[in-house]
Amino acid sequence: MRALLDFLQYYRSLLVFISLQLLCFVLLSSNHSSYRSWLGRVLDESSARTLYVSNNLREFFRLKHISGQLAEENARLSYQLYKQRQLLDEFKLREYASYDTTLQSEYEFIPAKVVRNSTHRSNNYLTINKGSADGIRPGMGVISPKGIVGKVEMCSEHFATISSLLHSRTWVSAAIKNTNNIGSVKWEGNSPLYAKLMHMPSHYKIQVGDTVLTSGHNAVFPPDLPIGVIHKLEVKPNETFHDVDLRLSTDFNTLTYVYVIKYLRKSEQDSLEQATVEYLDNVR
């Protein structure tokens with residue numbers, strides 16, 4: 001109360017002046033129609049502006065609410081689409097693993113989900129959500145529903161890391177489909193969509209559009225798995241090998257599910273090859 005009295009005392013002259021101005025304004029507007037008309041217009045415009053601002057604020061908060069509802073609906077639909085893609089990928093993997101009875105008898109396919117992936121480094125790796133507890137070991141091959149992916153490098157109990165085909169030290173033995181033309185596939189560190197088909201002698205008859213498959217000349221990948229399609233071919237005079245660009249079958253940018261390949265006869269093959277090496281060394 002004391003503060004209010006001090007305020008009135010301090011601004012008494014200004015308050016008296018404003019009161020007199022308001023009084024004069026009211027007297028003028030009550031005695032002259034032009035002032036009443038002007039005052040009415042001012043009040044009408046003020047009311048209209050107030051109503052306009054109020055409606056805009058109401059619409060703004062309404063739109064904010066609608067936007068929140070749309071965001072929730074979008075999230076729900078995105079999740080449903082994600083689940084559908086999961087089911088589709090899993091179906092493709094099961095279909096791929098079961099199409100060949102020879103593969104079923106010699107290889108076991110362990111499905112896994114990619115939880116981490118890189119594509120733009122010089123040495124790219126993937127991490128999957130399966131590990132030693134699921135029977136995965138270093139050295140096993142890894143494929144996608146569309147083609148080869150890479151090789152298992154290290155394992156923990158529930159995870160494994162994979163050096164992908166997009167790695168400077170990854171080489172894959174390859175063959176042109178329906179021919180005996182054998183070469184090697186290597187990524188040169190550029191686009192994750194393309195690699196080089198190496199060691200294809202210049203007398204080999206190959207052409208753009210030819211399919212390149214795994215040759216089966218190792219214990220990592222079974223034969224006839226897709227690697228890619230010849231995208232560009234250049235034959236240089238007096239060169240020993242073709243210069244071949246390969247468009248990879250696997251899209252590493254969208255990789256979600258993979259299969260780890262367990263070669264059931266690997267121990268037998270490794271033992272025989274090791275024994276052969278030791279025998280030949282002793283003979284010499």
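Select Ile 143 to begin: at 1% relative accessibility, this residue counts as buried. The cut-off for buried is under 20% relative accessible area. Keep in mind throughout that the model on your screen is predicted.

**Stop 1: Ile 143 and Phe 221**

Colour strand S3, residues 141–143, and you will find Ile 143 in that strand. Now add Phe 221 to the selection. Along the chain, Ile 143 and Phe 221 are 78 residues apart. In space, their C-alpha atoms are separated by 8.6 Å. Draw a distance line between those two C-alpha atoms and compare it with the 8.6 Å given here.

**Stop 2: Ala 112 and Ser 144**

Next, select strand S1, which covers residues 107–117 and holds Ala 112. Is Ala 112 buried or exposed? Ala 112 has a relative accessible area of 3%, so it counts as buried. Add Ser 144. Ala 112 and Ser 144 are 32 residues apart in sequence. From C-alpha to C-alpha, the two are 10.0 Å apart.

**Stop 3: the salt bridges**

How many salt bridges does a search of the whole structure find? The search finds two. Show the side chains of Lys 196, Asp 243 and Asp 245, because the three are linked in a network of salt bridges by the N-to-O cut-off of 4 Å.

Start with Asp 243 and Lys 196. Their side chains meet in a salt bridge, with 2.6 Å from N to O. Asp 243 lies in strand S11 (residues 243–248), and Lys 196 lies in strand S8 (residues 194–198). The pair therefore ties together parts that are 47 residues apart in sequence.

Now move to Asp 245. It forms a salt bridge with Lys 196. The closest N and O atoms of this pair are 2.7 Å apart. Again the pair links distant parts of the chain: Asp 245 is in strand S11, Lys 196 is in strand S8, and they are 49 residues apart.

Check how covered these residues are. Lys 196 counts as buried, at 12% relative accessibility. Asp 245 is buried too. Asp 243 has 25% relative accessibility, so it counts as partly exposed.

**Stop 4: the second largest pocket**

Switch to a surface view. Rolling a probe the size of a water molecule over the atoms shows where empty space is left. The second largest pocket has a volume of about 240 Å³. Which residues are closest to its centre? Of the 17 that line the pocket, they are Lys 151, Ser 163, Arg 169, Thr 170 and Trp 171.

Colour three strands next: S4 (148–155), S5 (160–167) and S6 (172–176). Each supplies at least two residues of this pocket's lining. S4 gives the most, with five residues.

What classes of residue make up the lining? Eight are nonpolar, six are polar and three are charged.

**Stop 5: two positive phi angles**

Go to the loop between S6 and strand S7 (182–186), and select Asn 178 there. Asn 178 is not a glycine, although its phi is positive, at about 65°. Its relative accessible area is 77%, so Asn 178 is exposed.

Then jump to the loop between S8 and strand S9 (211–214), where His 199 has its place. The phi of His 199 is also positive, near 60°, in a residue other than glycine. At 39% relative accessibility, His 199 counts as partly exposed.

**Stop 6: Asp 210 and Val 229**

Stay in the loop between S8 and S9 and select Asp 210. Asp 210 is buried, because its relative accessible area is 17% and the cut-off is under 20%. Add Val 229. Asp 210 and Val 229 are 19 residues apart along the chain. Their C-alpha atoms are separated by 5.7 Å.

**Stop 7: a patch on the surface**

For the last stop, select Tyr 279, Leu 280 and Val 283. Together they make a nonpolar surface patch of about 320 Å². Where is Val 283 placed? Val 283 is in helix H5, which spans residues 266–283. At 55% relative accessibility, Val 283 counts as exposed. For contrast, return to Ile 143, which counts as buried at 1%.

Note on methods:
Residues numbered from 1 in each chain as written. Predicted model: local features only at pLDDT ≥ 70, side-chain atom pairs only at ≥ 80, totals over all residues. Heavy atoms only, no water. Patch = residues over 30% accessible without salt bridge, like charges linked within 9 Å, V, L, I, M, F, W, Y side chains within 5 Å. Areas by Shrake-Rupley, 256 points an atom, 1.4 Å probe, with all protein chains shown as cover. Helix = DSSP H or I, 4+ residues; strand = E, 2+ residues; numbered from the N terminus. Buried < 20%, exposed > 50% of the residue type's maximum accessible area, 1.4 Å probe, protein only. 1 Å grid on protein atoms, 1.4 Å probe; cavity = no way out; pocket = protein on both sides within 12 Å on 5 of 7 lines; lining within 4 Å. Points joined across faces, edges and corners; volume = space filled by probe spheres on them. Nonpolar A, V, L, I, M, F, W, Y, C, P; charged D, E, K, R; others polar.
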